[in-house]
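Trainee: Could you take me through one part of this model in detail? I'd like to pick a single helix and follow it outwards into whatever surrounds it.

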Protein chains: 2
Amino acid sequence: MPPPSSPAHAPVMSSPSQDFRDQLERAKRASVAQLLFRCARLLDEQAVARVRTRSGVSMRSSHTSLFPHIDLEGTRLTELARRMGVSKQAVGQLVGDLEDFGVVERVPDPDDGRAKLIRFTHAGQRSMLDGLALLREFEDEIEQHLGARRMRALHGTLLDLLALLEADPGDPASS
Amino acid sequence: MPPPSSPAHAPVMSSPSQDFRDQLERAKRASVAQLLFRCARLLDEQAVARVRTRSGVSMRSSHTSLFPHIDLEGTRLTELARRMGVSKQAVGQLVGDLEDFGVVERVPDPDDGRAKLIRFTHAGQRSMLDGLALLREFEDEIEQHLGARRMRALHGTLLDLLALLEADPGDPASS
DNA sequence: AATATAGTCAAGCATGCTTGACTATATCCG
DNA sequence: CGGATATAGTCAAGCATGCTTGACTATATT
């Protein structure tokens, strides 16, 4: 027999293992965090697969995450690293790949002999536009399933969530 | 002198590079996919950090993602691998870690001398509950910022999105 | 001249997988 | 029964990804 449960009254569990089972069940329904995580991974995988299938370029999301930080007139490596919050060597590797892909190029910075500007090549601009089109296509498909209203709501909520998460790196709540 | 951003012969309408700039600008506002990705990563990092800070156990989300698949009475390694869609060796590594943490144990399967059942230890059940409480706490904080309504909407939308992504692994669009 | 900064090269590490080879047990069938 | 074969799990190695740190060169700044 399990330890005497307090049937009528306590908020205590009927039995520990029953309680545990309930909790597990709840966990299976997946927290928002876990849902986000799985959605993000699947989305990323499928988007990357599409780009590679269609363009033949094996660009990954780590590469494309660089794009929004590259100014049209070119941006220094160190500045990119600062904006992205990683080491300049990390950016150097990404830029190296993108250079191999022919998407960006390094040109000397006229203002500083040590520096180089990372900027899109002509071809890179084209593939960038193609990639964005592909991504929009993908998201349109998703929107068809979710509906425009929910898609907008999702977008807005994620923006707010991101702001919260970026503002609040620690654990301010407790203690 | 400034980099010759575009040749002197002026493009007729809004220049290609202006168009490109617009596109980039749009990309900076981040697609849903990119937003999801960044939110997921931050959420994961912060959740993992909290668990480790409070419980001292360096469990990662790859470990916890195993939990929903472990039945209360125990589950075979191979079955876990099947449910998770990875190799049995991959699950073996996760289970090995969790065994070191004292969270799960391997007991012989009475029905099959080759098999073992992976199940939670007593302590594991406790830390599982603690972890879930922590996670709920975290999500409650998020809910405070987003509001209950948007949180529910987010949850529901993500569920649908997940279903879509899991149903549709390929690229059905391109014929 | 001293020092700081931009970038590069090389190595290393953590994570989360994979594949291949192997042991022990189960099951099927002639 | 016994041999062929399938299955559960383990051990070991390897790989891709996305970072890191350390050491270094070349140029700028003071």
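**A close look at helix α2**

Mentor: Before we get to the helix, a quick stop at the nucleic acid, keeping in mind that this is a predicted model. The surface near DNA strand D divides into four nonpolar, nine polar and nine charged residues. Those belong to the 22 residues that surround DNA strand D, the closest being Ser87(A), Ala90(A), Gly113(A), Thr78(B) and Ala115(B). Elements giving two or more residues to this surface are α3 and α5 of chain A, plus α4 (77–84) and α5 of chain B.

Over at DNA strand C, 22 residues surround the strand, with Thr78(A), Ala115(A), Ser87(B), Ala90(B) and Gly113(B) the closest. Here two or more residues apiece come from α4 (77–84) and α5 (88–100) of chain A and from α3 and α5 (88–101) of chain B. The class count near DNA strand C is four nonpolar, nine polar and nine charged.

Now to your helix. Take α2 of chain A, residues 32–55. Its 24 residues should span 34 Å at 1.5 Å a residue, and the end C-alpha atoms are indeed 34 Å apart, so the two agree. Right after α2(A) comes Gly56(A), with a positive phi of about 80°.

Which residues of α2(A) are buried? They are Val32(A), Ala33(A), Gln34(A), Leu35(A), Leu36(A), Phe37(A), Cys39(A), Ala40(A), Leu43(A), Ala47(A) and Val51(A). An α-helix has 3.6 residues a turn, so residues three or four places apart point the same way. Keep that in mind as you look at Ala40(A), Leu43(A), Ala47(A) and Val51(A), which are among the buried residues.

And what do they pack against? Within chain A, the partner is α6 (122–146); from chain B come α2 (32–55), α3 (61–64), α6 (122–146) and α7 (148–167). Zoom in on Ala40(A): setting aside neighbours within four places in sequence, its contacts are Leu36(B), Phe37(B) and Ala40(B).

That leads into the largest nonpolar core, which has 31 residues. Leu36, Cys39 and Ala40 of chain A and Leu36, Cys39 and Ala40 of chain B have the most contacts inside it. Two or more residues of this core come from each of α2, α6 and α7 (148–167) of chain A, and likewise from α2, α6 and α7 of chain B. As background, nonpolar side chains tend to be buried together in soluble globular proteins.

Switch to α2(B) for the other half of the picture. Its 24 residues should also span 34 Å at 1.5 Å a residue, which agrees with end C-alpha atoms 34 Å apart. The buried residues of α2(B) include Leu36(B), Phe37(B), Cys39(B) and Ala40(B). The buried set packs against α2, α3 (61–64), α6 and α7 of chain A, along with α6 of chain B. Gly56(B) follows α2(B), and its phi is positive, near 75°.

How are the two chains related? A rotation of 180° with 0.0 Å of shift along its axis puts chain B on chain A, at an RMSD of 0.0 Å. That's the relation of a two-fold axis. The same surface serves both copies, as 95% of the contact residues of chain B recur in chain A.

Finally, the whole contact: 56 residues from chain B and 58 residues from chain A take part. On the chain B side, α1 (16–28), α2, α6 and α7 each give two or more residues. The largest share, 15 residues, comes from α2(B). By class, that side has 33 nonpolar, 11 polar and 12 charged residues.

Methods:
Residues numbered from 1 in each chain as written. Chains lettered and ligands numbered in written order. Predicted model: local features only at pLDDT ≥ 70, side-chain atom pairs only at ≥ 80, totals over all residues. Helix = DSSP H or I, 4+ residues; strand = E, 2+ residues; numbered from the N terminus. Expected span 1.5 Å × (residues − 1). Buried ≥ 20, exposed ≤ 12 C-beta atoms within 10 Å, placed from the backbone. Contact = placed C-beta atoms within 7 Å. Near = placed C-beta within 6 Å. Nonpolar A, V, L, I, M, F, W, Y, C, P; charged D, E, K, R; others polar. Least-squares fit on C-alpha atoms with pLDDT ≥ 70 in both. Core = buried A, V, L, I, M, F, W, Y, C linked by C-beta atoms within 7 Å.
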